[in-house]
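Here is a short briefing to read alongside the model. Have the viewer open, and follow the stops in whatever order suits you.

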Amino acid sequence: MDIEEVKRRAGPREFSPKDDMPEEYRKAATRMIQFHANSEIMGAYLERPFIREAPSLDRKLACSAKVQDEIGHGQLLYRAAESLGMKSRDQMLDELAEGKGKFLNCFHYPMSDWVETPMIAFFVDGAAMRRQATLKRTSWEPYAHAMDKVCFEEGFHVKHGEAILHELMTGSKAEQEATQEAFEEWWPRIIQFFGPTNDKSTHHGFASEVGLKQMGNDELRNAFLNAYIPKAEKYGLEIPDEPRIRKNDDGTYEVVEEDLDWDEFFTIAKNDYEGSIQQIDGRKAAQDAVEWVREVMDEHEQRAMGASKQQAAD
């Protein structure tokens, strides 16, 4: 199949491993799914320390389940990327550990306080749901199939984050002020979650033409603002003055894009931000620490395969 036929046929769940896809499509799809998988893993590592910080046993259990879910999403997506035949799962994990793998901007910033947890679990996961819901109609069928499970579980994550935000914003005055302060710090990063504007996005055009992406960055960002500015205000958060948000005559919102720090965003996109190195090295240390487990499992698998072959020969 050539790329022109791919563009003609591009539709929801149109292509699968049984199709002879051109390399240009397989590269673009691998890049997109690998980025998504890396982001699930790095998000989990960012939230992992807050299992201990959670203020109750129920919250600890919920945080633990969420982190396990996110790791599972990453593994599921690496398998979907593997099905394109460009890279193995191990290769993609090694690239992440070596600082070559890219991931979402919000997961490059450190988190140090419990009041920051709803910034990820409610706002960032809410933004992710906006994007992921559209990916259930992506043209690579294994990716769309993975989104069925991911979206189902992310819906619970958003409710978990919303419950934490509700507790904090109905708590003490000090908790409310600290949550507002965290919101003001994270709000510009959350708005940049969807990436650069359509005209500055390197990959949007081709990904849209071959059905990998269903909506542009600008449309997704505006849809998020329309849904989450009212939610933030409902819980008593004040929308920061910067970046400026315009309210249109029809009641919808849009951000003044030039108010956002795009230089910092593109530094992060290259994994060159100070926080990027901290996050990447932290996950690499965790990967190295359990290398012996992988080696033992590989040896066990090799022994089992050897015994199976011997039995077949007998």
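G211 sits in the loop between α9 (204–209) and α10, and this is a good place to begin looking around the predicted model. Is G211 buried or exposed? With a relative accessible area of 7%, G211 falls under the 20% cut-off, so G211 counts as buried.

**Around G211**
- Setting aside residues up to four places away in sequence, G211 touches A10, R137, T138 and S139.
- A163 lies 48 residues from G211 along the chain, and the C-alpha atoms of the two are separated by 36 Å.

**The chain as a whole**
- The chain has 13 helices and two strands.
- Its radius of gyration is 21 Å, close to the 20 Å that the globule rule gives for 314 residues, so the chain is as compact as a globular protein of that length.
- Along the principal axes, the C-alpha trace spans about 75 × 50 × 35 Å.
- Counting contacts with a separation of 6 or more, 75% are between residues 24 or more positions apart.

**Surface and charge**
- The accessible surface of the chain is about 15700 Å², and carbon and sulfur atoms account for 49% of that area.
- The chain carries 40 positive and 60 negative charges, and the mean positions of these two sets are 4 Å apart.

**The interior**
- Of the 314 residues in the chain, 46% are buried.
- Which residues have the most contacts inside the largest nonpolar core? They are Y25, F107, F123, W140, L212 and F224, in a core of 78 residues.
- For a closer look at one of them, try F107: beyond residues up to four places away in sequence, F107 touches S39, M42, G43, L46, I120, V124 and Q279.

**L93 and its surroundings**
- L93 belongs to helix α5, which covers residues 89–97.
- The relative accessible area of L93 is 11%, below the 20% limit, so L93 is classed as buried.
- Outside its neighbours within four places in sequence, L93 is in contact with Y78, R283 and Q287.
- How far apart in space are L93 and K284? Their C-alpha atoms are 9.4 Å apart, with the two positions 191 residues apart in sequence.

**Backbone points to check**
- As background, most residues other than glycine have a negative phi, and most peptide bonds are trans.
- The peptide bond from E242 to P243 is cis, with omega near -5°.
- You will find P243 in the loop between α10 (217–234) and β1 (245–247).
- R13 is not a glycine, yet its phi is positive, at about 55°.
- The loop between α1 (3–9) and α2 (23–47) is where R13 is placed.
- R13 has a relative accessible area of 31%, which lies between the 20% and 50% cut-offs, so R13 is partly exposed.
- N271 is another residue other than glycine with a positive phi, near 65°.
- The loop holding N271 runs between α11 (262–269) and α12 (274–289).
- Is N271 buried or exposed? N271 is buried, because its relative accessible area of 7% is under 20%.

Terms used. Residues are numbered from 1 along each chain as its sequence is written. This is a predicted model: local features need pLDDT of at least 70, side-chain atom pairs count only at pLDDT 80 or more; totals for chains, interfaces and linings use all residues. Side-chain values use heavy atoms; hydrogens and water are left out. Helices (H or I, at least four residues) and strands (E, at least two) are DSSP runs, numbered from the N terminus. The radius of gyration is taken over C-alpha atoms; the globule rule is 2.2 Å times the number of residues to the power 0.38. Buried means under 20% relative accessible area, exposed over 50%, partly exposed in between (1.4 Å probe, protein chains only). Contact means heavy atoms within 4.5 Å. Accessible areas come from the Shrake-Rupley method with a 1.4 Å probe; for residues, only the protein chains shown count as cover. Lys and Arg count as positive and Asp and Glu as negative; His and the chain ends are not counted. The place of a charge is taken as NZ of Lys, CZ of Arg, CG of Asp or CD of Glu. A nonpolar core is a set of buried Ala, Val, Leu, Ile, Met, Phe, Trp, Tyr and Cys residues joined through side-chain atoms within 4.5 Å.
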